[in-house]
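Q: I am new to this structure and would like a close look at a single part of it. Please choose one helix and walk me through its surroundings in a friendly way.

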Amino acid sequence: MMLRTSLTLLIAASMLSMANPVRAQDATLTEDGVIKGTMQIDFNSRTNLDTTGKVKAGSPAVGAQDKYVFNINAAKTTEFQGEILRTPKINSSVLGRTVQDALLYYNVNLAVLNPNDLKQKKVVGKWVGRVPIDPASGAYDLAAGKADAQGLRVAVEATGTATSFSDVFAGKLVGKAEKKEGLGSKLYKRVIGGKEQTITVKAADPMQFQRIELAKGPASIYPRTVVNGSLDFDYETSNYLTDGITFAYTADGKEIEDKVTGSIKWVEDPAYDTNGKGYYEFNLRFNEEKNKPAQSEAAAFGQMSAEEAFFAVDTSLPCLTGRVEYVDTFVPGSDGKVASSKVTYNLNANKLTKQQIVAFFKLWLICVGPTNDD
């Protein structure tokens, strides 16, 4: 009788589990180091300069490329390892004709880790292709490379029970403006502990995401994602701020739109000019308006100045926090121009899904040029 009852309960539990499966977007991570790893940047376009006189004075030598080499884990079970090469635009010295077009080239290995044993890892595909940079607007055209079969794409091979697929990127990234004279001021608002805090940026330079389409992968739980909005740079403080970057995608048959707001604050070591140390402090909130805390939490921010409260981390909200640390070396005699950077990522998740973490990191790699410029 006891055996029969136990068997009945087991069958009922199994049927309940099948009727109510745990969906991919329902599980969240609250954990340190959800984006973790290193990147070595060598700005060869600043150290290998032209000596022929055939191009504009001070230009890089033709063929000089900035190199970003990295090995970074995202959401604990995905790994991005490889390099991005950045070729600068070069014009001739006399007529100003284009001698070399600007572009990015990606060559990234994609690996997945076994959620049940993180020591087990398999390389399942590649993120490859090139991104031409429009000579007139400076826009990074993520789809332009398709014209010569070198489009930016993710290609994943069949591994285990996972099927193969290929997916392309699309849309445009408009980076920092070459001419700063036309930049205007902008007011940013945050609701901290039920109280609105504001900050005004006198010269906000928007890095715009114009219907960027992030390719799916490396696993099928990371869907194709459409990104719009902007991340604005403040030249006075070197901070980034945003009033909204939207990520739209479909997971488990459900259409989802995440809105990311917040700041990425640059903190420079007092001895930066000699030791090259500094870091970006991330404080990005996911769906802030939907998840804003009760006003009773205002006491936690009562002793802060308006600026301190604006940049304060509030872990009652879904957010991405932590640091991206830099150790820069300088071009000799250049008055602070960076020749290379050793970068360490250590970002933390609070109530974020794997989809949110991986989509943000893909976008961050798309922005690798503008976000690492001086």
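A: About 18,900 Å² of the chain is exposed, and carbon and sulfur atoms supply 52% of that area; accessible areas come from the Shrake-Rupley method with a 1.4 Å probe, and for residues only the protein chains shown count as cover. Keep in mind that this is a predicted model, in which local features need pLDDT of at least 70 and side-chain atom pairs count only at pLDDT 80 or more, while totals for chains, interfaces and linings use all residues. Residues are numbered from 1 along each chain as its sequence is written, and side-chain values use heavy atoms, with hydrogens and water left out.

Of the 374 residues in the chain, 47% are buried (buried is under 20% relative accessible area, exposed is over 50%, and partly exposed is in between, with a 1.4 Å probe and protein chains only). The chain has five helices and 20 strands, where helices (H or I, at least four residues) and strands (E, at least two) are DSSP runs numbered from the N terminus.

Let us look at helix H5, residues 354-366. Its 13 residues reach 19 Å from the first C-alpha to the last, close to the 18 Å expected; the expected span is 1.5 Å times one less than the number of residues. Twelve of the 13 residues of H5 are buried, so the helix is largely enclosed by the rest of the structure. Among those buried residues are Phe-360, Phe-361, Trp-364 and even Lys-362.

What does H5 contribute to the inside? The largest nonpolar core has 73 residues, and Ile-35, Phe-80, Tyr-106, Trp-127, Phe-209, Phe-282 and Leu-320 touch the most other members. Nine residues of this core come from H5, the largest share. Such a core is a set of buried Ala, Val, Leu, Ile, Met, Phe, Trp, Tyr and Cys residues joined through side-chain atoms within 4.5 Å.

Tyr-106 shows how the helix meets other parts of the chain. Leaving aside neighbours within four places in sequence, its contacts include Trp-127, Leu-152, Leu-365 and Ile-366, a contact being heavy atoms within 4.5 Å. Leu-365 and Ile-366 are both among the buried residues of H5.

Now turn to Gln-356, another residue of H5. Gln-356 is buried, with a relative accessible area of 10%. Not counting residues up to four places away in sequence, Gln-356 touches Tyr-249, Asp-258, Phe-286, Asn-287 and Lys-351.

Two of these partners lead us to strands. Lys-351 is found in strand E20, residues 338-352, and is partly exposed at 39% relative accessibility. Phi of Lys-351 is positive, near 60°, in a residue other than glycine. Tyr-249 takes us to strand E16, residues 239-251, which runs antiparallel to E15 and is joined to it by seven bridges; two strands pair if DSSP finds at least two bridges between them. Across that pairing, Phe-233 stands opposite Tyr-240.

Just past the end of the helix, Cys-367 is also buried, with a relative accessible area of 1%.
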